[in-house]
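Student: Please take a close look at one residue in this model and its surroundings. Then follow the strands and the charged pairs outward from there.

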Amino acid sequence: QVQLVESGGGLVQAGGSLRLSCAASGTIFSINGMGWYRQAPGKQRELVATITHSGSTKYGDSGKGRFTISSDNAKKTVYLQMNSLKPEDTAVYYCNGEVWLVDYRYLEFWGQGTLVTVSS
């Protein structure tokens, strides 16, 4: 049906930057919104940021100030620019998409996750 494929994770030193990408593909009629969540070891998954098709953004506490979400609707891709990274940003980052399928079903999908490791 729908695949969300993340990329851009990796190892970075504290203070560095990373840009995550998530591309959606499949039987998509339209995308209502996409976003990023993260889950650190031993912790619950938390909201980083979301963006609607019209460009409205929402940031969780983890994403405010240092992270910026953006999207390219034509490419069905969402980005997360992460600056001034801290060791506590270490987590698996998951892409999320709320999608209208071509058969008019409205479903939520998740990517497989990409690991971000910030060394001190």
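Tutor: Ser21 touches Val5, Glu6, Ser7, Trp36, Val78 and Tyr79, leaving aside residues up to four places away in sequence. These contacts, like everything below, are read from a predicted model. Ser21 belongs to strand β3. Its relative accessible area is 18%, so Ser21 counts as buried, because the cut-off for that class is under 20%.

Ala23 is also placed in strand β3, which spans residues 18–26. Beyond four places in sequence, the contacts of Ala23 are Gln3, Leu4, Val5, Lys76 and Thr77. Val5 therefore appears in the list for Ala23 and in the list for Ser21. Ala23 has a relative accessibility of 32% and is classed as partly exposed, because that class lies between 20% and 50%. Not every part of the chain comes close to Ala23: its C-alpha atom is 24 Å from that of Gly65, with the two positions 42 residues apart along the chain.

The sheet around β3 accounts for the neighbours listed so far. Four strands make an open sheet in the order β1-β3-β8-β7, and the pairing is antiparallel. Its edges are β1 (2–7) and β7 (67–72), each of which pairs on one side only. From one strand to the next, the twist averages 15°. In general, strands of a sheet pair through backbone hydrogen bonds, in a parallel or antiparallel manner. Here β7 and β8 (residues 77–82) are joined in the antiparallel sense by six bridges. One bridge partnership in this pair is that of Asp72 with Thr77 in β8. Thr77 is also one of the residues that Ala23 touches.

Trp36, another contact of Ser21, leads to a second set of strands. Strand β4 covers residues 28–39 and strand β5 covers residues 46–52; the two pair in the antiparallel sense over six bridges. Within that pairing, Trp36 stands opposite Ala49 in β5. Six residues separate β4 and β5 in the hairpin they form, and Gly42 in its turn has a positive phi of about 80°. Strand β5 also pairs with β6 (residues 57–59), again in the antiparallel sense, over three bridges. On that side, the bridge partner of Ala49 is Tyr59 in β6. Ala49 is thus bridged to Tyr59 and lies opposite Trp36. The hairpin of β5 and β6 has four residues between its strands, and Gly55 there takes a positive phi near 100°.

Strand β4 also supplies one end of a salt bridge. The structure holds five salt bridges. In one of them, Arg38 pairs with Asp89, and the closest N and O atoms are 2.9 Å apart. This pair links distant parts of the chain: Arg38 is in strand β4 and Asp89 is in the loop between β8 and β9, 51 residues apart. Arg38 is buried, with a relative accessible area of 8%. Asp89 is buried too, at 1% relative accessibility. A second salt bridge of Asp89 is with Arg66, at 2.7 Å from N to O. Arg66 lies in the loop between β6 and β7 and Asp89 in the loop between β8 and β9, so the pair ties together parts that are 23 residues apart in sequence. Through salt bridges that share partners, Arg38, Glu46, Arg66 and Asp89 are joined into one network.

Another salt bridge connects Lys64 and Asp61, with 3.5 Å between the closest N and O atoms. Asp61 is exposed, at 69% relative accessibility, whereas Asp89 is buried.

The surface also carries a nonpolar patch. Phe29, Trp100, Val102 and Tyr106 make up this patch of about 420 Å². Phe29 brings β4 (residues 28–39) into the patch. Val102 sits in the loop between β9 (91–101) and β10 (106–110), and its relative accessibility of 47% makes it partly exposed.

Terms used: Residues numbered from 1 in each chain as written. Predicted model: local features only at pLDDT ≥ 70, side-chain atom pairs only at ≥ 80, totals over all residues. Heavy atoms only, no water. Pairing = 2+ DSSP bridges. Patch = residues over 30% accessible without salt bridge, like charges linked within 9 Å, V, L, I, M, F, W, Y side chains within 5 Å. Areas by Shrake-Rupley, 256 points an atom, 1.4 Å probe, with all protein chains shown as cover. Salt bridge = Lys/Arg side-chain N within 4 Å of Asp/Glu carboxyl O. Buried < 20%, exposed > 50% of the residue type's maximum accessible area, 1.4 Å probe, protein only. Axes fitted to C-alpha atoms, helices over the stretch in contact; angles between N-to-C directions. Contact = heavy atoms within 4.5 Å.
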